[in-house]
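I opened the notebook for a session on helix packing and one side chain. My notes follow the order in which I looked things up.

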2 protein chains.
Amino acid sequence: MSAPNTNAQNLKADWIAVDWGTTSLRCWAMHGTQLIASAQSPMGMSQVAAGRFEQTLLALVEPWLQANTCTPVLACGMVGAKQGWIEAPYQPTPCSAHSQVGLITAPTADPRINVRIIAGVSQASPADVMRGEETLIAGLLTNAPTYNGVVCMPGTHCKWVEVRNATLQRFNTVLTGELFELLSTQSVLRFDTQLDGNEKSLNNDVFISAVQEHAATPDQLTATLFSIRAQSLLNNNTTMDSTSRLSGLLIAADVIAMQHYWQDKPITIVAEAQLASLYKLAITTLNPEAYISITKMDALALSGLCLLAKQLGVINATS
Amino acid sequence: MSAPNTNAQNLKADWIAVDWGTTSLRCWAMHGTQLIASAQSPMGMSQVAAGRFEQTLLALVEPWLQANTCTPVLACGMVGAKQGWIEAPYQPTPCSAHSQVGLITAPTADPRINVRIIAGVSQASPADVMRGEETLIAGLLTNAPTYNGVVCMPGTHCKWVEVRNATLQRFNTVLTGELFELLSTQSVLRFDTQLDGNEKSLNNDVFISAVQEHAATPDQLTATLFSIRAQSLLNNNTTMDSTSRLSGLLIAADVIAMQHYWQDKPITIVAEAQLASLYKLAITTLNPEAYISITKMDALALSGLCLLAKQLGVINATS
């Protein structure tokens, strides 16, 4: 995989990789494993009306198509959900992160594209599902095929995945990001936790104290949150301190609940830098010996899609 | 205290009791401890613009006032918050539930009313505040002056209060109701937890299982919530079951966090019937021996305001 080639005559793709999540659509025009162009839009799965997926995709990838040629398209993510283009099945754990099992062809009218959507992954107990993260992990394994450890993917819904022998062994989704968003913007705590967006980072000392506070009483989360409001009323705590404490309590609740995943294992955090550093800080506060690496998620979906494209013969396995 | 007398010639109050919360305003015209008329509106503290509190009150109580007479008005609740009519102080715990300490007079232009607002209660550690619940507890103590035990007041914010020797010893606010509302209407769980309002009650078996589930792993709350969504996707769980499980997990988190309050003590639950019965069910699931009584909150604020009015000499202490 290399940087986009902007030479216009090469802009016709021989295949197209697509990461179509809930809130965004990202497409890459490919020559084998070489990236020749990319395009993205905010037309995530939740923004597209039923029956409008094909034209939403074509609006981005049309310039890369050739007349009289059917270009393979490989897509991962929530586009395969029940509310998406077509429902792709789930593979039950344990399973490969880059398997063509359950690949499903989406209905299309334009003969120039053949769209296949990757299956999600499910787990019977505890019940859980993912769509898209399995492809990020496939991308991670492209660079580290023998990685045995835990992958922590914070965001709206934090996914923790145990990977062993190139297999997704088990996983757990934690609602941390969504809870932070709801509590900090819509609950009684919003008076104390609305940052103006110009802040570079939270107050690490307050964040660490909150992690330690939750670690001491991990069954007290919902009984502790209101004290953020009370401290602000009684002690004039700053918005930055209140926000740092809320973040620390919720990330600690996440990390402590998932300690049975990461204890005694290497941890790879896949997230944008600031969120990744908060999870790292919470984990190292609990265990200074934890072995943690941080990986940016930008290129992982494309790496994972390339790996699967090779397996499917969409691109030559030796390229 | 007796039922309203509708005889028009008696409609002039010799004092007025007011419970002015965040989302509602309730007023009672009184002759001593006798209720002669009542009125309410949805003009809670959060609905009233700064500087409009006096006219909002007069719109309800004007018919009860007499020319050339100043009628005492006693008010409790969020009307005394920083965003309210005038900020009443907090009394720190431990304190009496019916103390005139911190009573503050609101600024008024109409000479026919003299409005005094009851202080809230604060606690330094863990930081907490209340405004209004102290008056409900005063009302409870009117009927049971020697009550030693715990008062559990579920709602948007559940207040747990330890009462001993007619004194509020300590209290803790739990965000249970607000979390249930946010998660069931705005999070990813909303697809599975939106009831249509016609349901009489939740599924008790599912609720009890969820209480037991949380009791077994009380540090796992945020890591468990997403499984409600996954169970619905994988097993076609009904909306009623998903909602019952969410309610059970959140109420269990509340009740288990507060077990150090209610263990080995009588518990009085003050709430509307359905919510009270869910808290009772959660507590008895954890401890079948728990001694629980349920009290409706309707009349408690007025009882508490009457008690304070006697102490203040607004009404004759022997009436």
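Entry 1, helix pair. I asked how H7(A) and H8(A) run relative to each other. The model is predicted. I read an angle of about 165° between H7(A) and H8(A), with their axes 10 Å apart. Angles over 145 degrees count as roughly antiparallel, so I noted H7(A) and H8(A) as roughly antiparallel. I logged their crossing as right-handed.

Entry 2, who makes the contact. From H7(A), which spans residues 226–235, I listed Ser227(A), Ile228(A), Gln231(A) and Ser232(A). From H8(A) I listed Ser242(A), Arg245(A), Leu246(A) and Leu249(A). I then sorted the contact by class and got three nonpolar, four polar and one charged residues.

Entry 3, Asp254(A). I stayed on H8(A), residues 239–257, and picked Asp254(A). Is Asp254(A) buried or exposed? I found 0% relative accessibility. Buried means under 20%, so Asp254(A) counts as buried.

Entry 4, its surroundings. Which residues does Asp254(A) touch, leaving out those up to four places away in sequence? In chain A, I wrote down Cys158(A), Trp160(A), Val174(A), Thr176(A) and Tyr279(A). From chain B, I added Thr222(B). I looked up Trp160(A) again and found a polar contact of 2.7 Å between its side chain and that of Asp254(A).

Entry 5, a backbone check. I took the C-alpha atoms of Asp254(A) and Thr173(A) and got a separation of 9.5 Å. Along the chain, Asp254(A) and Thr173(A) are 81 residues apart.

How values were computed. Residues are numbered from 1 along each chain as its sequence is written. Chains are lettered from A and ligands numbered from 1 in the order in which they are written. This is a predicted model: local features need pLDDT of at least 70, side-chain atom pairs count only at pLDDT 80 or more; totals for chains, interfaces and linings use all residues. Side-chain values use heavy atoms; hydrogens and water are left out. Helices (H or I, at least four residues) and strands (E, at least two) are DSSP runs, numbered from the N terminus. Buried means under 20% relative accessible area, exposed over 50%, partly exposed in between (1.4 Å probe, protein chains only). Contact means heavy atoms within 4.5 Å. A polar contact is a pair of N or O atoms within 3.5 Å; within protein, one must be able to donate a hydrogen and the other to accept it, and residues adjacent in sequence count only if both atoms are side-chain atoms. Axes are lines fitted to C-alpha atoms, for helices over the stretch in contact, and angles run from 0 to 180 degrees between N-to-C directions. Angles under 35 degrees count as roughly parallel, over 145 as roughly antiparallel, 65 to 115 as roughly perpendicular and the rest as oblique. A crossing is left-handed if the near helix is turned anticlockwise from the far one by less than a right angle, and right-handed if clockwise. Ala, Val, Leu, Ile, Met, Phe, Trp, Tyr, Cys and Pro count as nonpolar, Asp, Glu, Lys and Arg as charged, and the others, Gly among them, as polar.
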